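Subject: Structure handover

Hello,

Here is the structure we talked about. Please open it beside this email and follow along.

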Amino acid sequence: MKKIFLFILFSVAIYTKAQQVYSLRPTEIDLPENSYQKDINNELPAYEGIWKGTWNNKIIYVNFKKILNTYNAVTKYYRDYLVARFKVTDLNGNIIFDNTNLEDNKTKIVGVNFRRYGDKYSLIYIDKDLCDTSGNIVINFTDPSKTQLNWKYNEGSNMITTDCQYYNTTPFPTALPKEIVLIKQ
């Protein structure tokens, strides 16, 4: 019994020492393997839920969800982050884009972390259905009640090849607005 107790105590000590916890607001450049970038200040829940905005005769609905303690094989550490699903309709309600049924690990918009300075949260967008269109999204609240969200999307240098179903389509379909204020629903 004494040996089992010592083994458990030793295992807990190793696990506790192995996983260091860091904030989503980065101060470190390289986090150690198996560390945990945690939403220590509980900031992500304010973003959760459905947000709505209108642009270019389209309506976008964005649903943010917080994901906890997930391991990233590339960075080799755990982290909390947001994922987002979206639906775009025309003003008559006809669906143009809809990925609201995607699983959490297959969403097209995935959070990274808060910017080093300020209150802006960064996300990346990769859309295989739109010929691997990609870019960066930065969001931040515009009001103290956190019911309005400023959204800025910067497209990456997307190269559309001949095997893309939208090659030579003018205008190329755009799923996301460049800049918009979203209202919490």
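Start with the largest pocket. Two strands, β4 and β5, each supply at least two residues of its lining. Keep in mind that this is a predicted model.

**The pocket**

The space in the largest pocket comes to about 190 Å³. Which residues line it? They are T70, Y71, N72, R79, Y81, V83, D104, N105, K106, T107 and V110. By type, the lining holds four nonpolar, four polar and three charged residues.

Take a closer look at N105, one of the lining residues. N105 sits in the loop between β6 (95-98) and β7. Is N105 buried or exposed? N105 is exposed, because its relative accessible area is 62% and the cut-off for exposed is over 50%. Now find V83, which also lines the pocket. N105 and V83 are 22 residues apart in sequence. In space, their C-alpha atoms are 8.5 Å apart.

**The core**

Next, the nonpolar core. In soluble globular proteins, nonpolar side chains tend to be buried together. The largest nonpolar core here has 32 residues. Five of them touch the most other members: F64, F86, I139, W151 and L176. Several strands each supply at least two residues of this core. They are β3 (49-55), β4 (58-72), β5 (77-90), β7 (109-114), β8 (121-127), β9 (133-141), β10 (148-155) and β11 (179-184). Which strand gives the most? That is β5, with six residues.

W151 is a good residue to click on. Set aside its neighbours within four places in sequence. W151 is then in contact with V62, F64, I109, I137, V138 and I139. Its contacts also include L176, P177, K178, E179, I180 and L182.

**The salt bridges**

How many salt bridges are there? The count comes to 10. Three of the pairs are worth a look.

- R25 and D119: their side chains meet in a salt bridge, 3.1 Å from N to O. This pair links distant parts of the chain, 94 residues apart. R25 is in the loop between β1 (21-23) and β2 (36-38), and D119 is in the loop between β7 and β8. R25 is partly exposed, at 21% relative accessible area. D119 is exposed, at 54%.
- D39 and K66: here the N to O distance is 3.0 Å. D39 lies in the loop between β2 and β3, and K66 in strand β4, so the pair ties together parts that are 27 residues apart in sequence. D39 is buried, with a relative accessible area of 5%. K66 is buried too, at 15%. Both values count as buried because the cut-off is under 20%.
- E155 and K178: these side chains meet at 2.8 Å, N to O. E155 is in strand β10 and K178 in the loop between β10 and β11, 23 residues apart. E155 is partly exposed, with a relative accessible area of 40%. K178 is partly exposed as well, at 41%. K178 is also one of the contacts of W151.

There is a network as well. R25, E43 and D119 are linked in it by salt bridges.

**The backbone**

Now for the backbone. Most residues other than glycine have a negative phi, and most peptide bonds are trans. Which residues have a positive phi here without being glycine? N56 and K76 are two to look at.

N56 has a phi of about 45 degrees. N56 lies in the loop between β3 and β4. N56 is exposed, with a relative accessible area of 62%.

K76 has a phi near 65 degrees. K76 is found in the loop between β4 and β5. At 36% relative accessibility, K76 counts as partly exposed.

Where is there a cis peptide bond? One joins T170 and P171, with omega at about -5 degrees. P171 is in the loop between β10 and β11. K178 of the third salt bridge listed above lies in the loop between β10 and β11 too.

Happy browsing.

How values were computed: Residues are numbered from 1 along each chain as its sequence is written. This is a predicted model: local features need pLDDT of at least 70, side-chain atom pairs count only at pLDDT 80 or more; totals for chains, interfaces and linings use all residues. Side-chain values use heavy atoms; hydrogens and water are left out. A nonpolar core is a set of buried Ala, Val, Leu, Ile, Met, Phe, Trp, Tyr and Cys residues joined through side-chain atoms within 4.5 Å. Buried means under 20% relative accessible area, exposed over 50%, partly exposed in between (1.4 Å probe, protein chains only). Helices (H or I, at least four residues) and strands (E, at least two) are DSSP runs, numbered from the N terminus. Contact means heavy atoms within 4.5 Å. On a 1 Å grid over the protein atoms alone, a cavity is a set of points where a 1.4 Å probe fits but cannot get out, and a pocket is an open set with protein on both sides within 12 Å along at least five of seven lines; lining residues have an atom within 4 Å of a point. Grid points are joined across faces, edges and corners, and a volume is the space filled by probe spheres set on the points. Ala, Val, Leu, Ile, Met, Phe, Trp, Tyr, Cys and Pro count as nonpolar, Asp, Glu, Lys and Arg as charged, and the others, Gly among them, as polar. A salt bridge is a side-chain nitrogen of Lys or Arg within 4 Å of a carboxyl oxygen of Asp or Glu.
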